Amino acid sequence: MKNLLFIGDVVGKSGCDFLTEKLPQIKHTYNIDITVVNAENSAQGNGVTNHSAKSVIRAGADVITTGNHAFRQRSELDIYENDYIIRPANYPEGACVGKGICILDMGAYSVAVVNLMGTAYLEPLDNPFTKIDEMLPEINTKNIFVDFHAEATSEKKAMGYYLAGKVTGVFGTHTHVQTADETIIDSHTAYITDTGMTGVEKSCLGVEIKPAIDRLRFRMPVRFREAEGKCFLCGVIVAFDEKSGKAQNIQRIIIR
């Protein structure tokens, strides 16, 4: 039995610093074998930079996933030359750098981490259901974990049921609010609609509260700034049988 830790969207410097502070102890406490972190908001002003990616990796991540802000930092797209940093696989062919899958060779077994993005209320990328169908026959391991970065809970739920029995885990990201619906679908696939975020807890999804309220109240453009204050870390831990690829347990965690 192996344990995979998946950590929800890391937001800004505060999130990176808190990850660095807390991740080593979490990995020790829960006997974690593999750590995957969504870091698409880890840079100042969204996206990922070389600096923020290195911070997340130094903290203890094995794989970095992203989402709709994957290419926000246009001057630093060379980060996707690293195999351990992936972007949604369903970006149109030839339209972007990087790749949507990372294969980790763990010696006696291997693990695939796939990044997909939903299309409901987000950019009209290629159909994520069609894309994962194309990918699965080419993945030479039963241990497959999917970061499904999507806005609509219905789309995330649909993907969870669609991939039941085909992958080890489906973890929703993007909305930054951890849901309480973690489950094992069909005695095989670990699922949660959203893993939550890592960053300042007293905030609007990691940014200052007042500008977020003003934007919604007055419908005027505002400049969002990273919030300051005490942080929390949200994620899930999945225990899985590395020989069969079946998830045995999923546990939500919130570290304050």
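This briefing describes how the helices and strands of one structure are arranged against each other. The model is predicted. Its features covered here include an open sheet of 6 strands with mixed pairing, a pairing of helices α1 and α2 whose axes come within 8 Å, and two further helices, α3, which lies across β5, β6 and β7, and α4, which packs on the sheet.

**Helices α1 and α2**

- Helix α1, formed by residues 12-29, and helix α2, formed by residues 50-59, have axes that come within 8 Å and cross at roughly 15°. Because angles under 35 degrees count as roughly parallel, α1 is described as roughly parallel to α2.
- The crossing of these two helices, α1 and α2, is left-handed, and the contact is made by Cys-16, Leu-19, Thr-20, Leu-23 and Pro-24 on the α1 side, together with Ser-52, Ser-55, Val-56 and Ala-59 on the α2 side.
- Sorted by class, the residues in the contact of α1 with α2 comprise 6 nonpolar and 3 polar residues, with no charged residues.

**The sheet**

- Read across the open sheet, the strands follow the order β5-β6-β7-β8-β10-β9. The edges are taken by β5 (101-105) and β9 (183-185), each of which has a single partner strand, so one side of each is left without a neighbour in the sheet.
- On average, and with direction ignored, neighbouring strands of this sheet are turned by 20° against each other.
- The edge strand β9 pairs with β10, residues 189-192, in the antiparallel sense over 3 bridges, and Thr-183 has Tyr-191 in β10 as its bridge partner.

**Helices on the sheet**

- Helix α3, residues 128-135, lies across β5, β6 (110-117) and β7 (144-149), and runs at about 155° to β6.
- Helix α4, residues 153-162, packs on the sheet and touches β6, β7, β8 (169-173), β9 and β10, while its direction makes about 170° with that of β8.

**Helices α3 and α4**

- The helices α3 and α4 also pack with each other, at an angle of about 25° and with their axes 11 Å apart, and they are therefore roughly parallel to each other.
- In this pair, α3 passes α4 in a right-handed crossing, where Pro-128, Phe-129, Ile-132 and Asp-133 of α3 meet Glu-155, Ala-158, Met-159 and Tyr-162 of α4.
- The residues in the contact of α3 with α4 divide into 6 nonpolar and 2 charged, with no polar residues.

Conventions. Residues numbered from 1 in each chain as written. Predicted model: local features only at pLDDT ≥ 70, side-chain atom pairs only at ≥ 80, totals over all residues. Heavy atoms only, no water. Axes fitted to C-alpha atoms, helices over the stretch in contact; angles between N-to-C directions. Helix = DSSP H or I, 4+ residues; strand = E, 2+ residues; numbered from the N terminus. Parallel < 35°, antiparallel > 145°, perpendicular 65-115°, else oblique. Left-handed = near helix turned anticlockwise from the far one by under 90°. Contact = heavy atoms within 4.5 Å. Nonpolar A, V, L, I, M, F, W, Y, C, P; charged D, E, K, R; others polar. Pairing = 2+ DSSP bridges.
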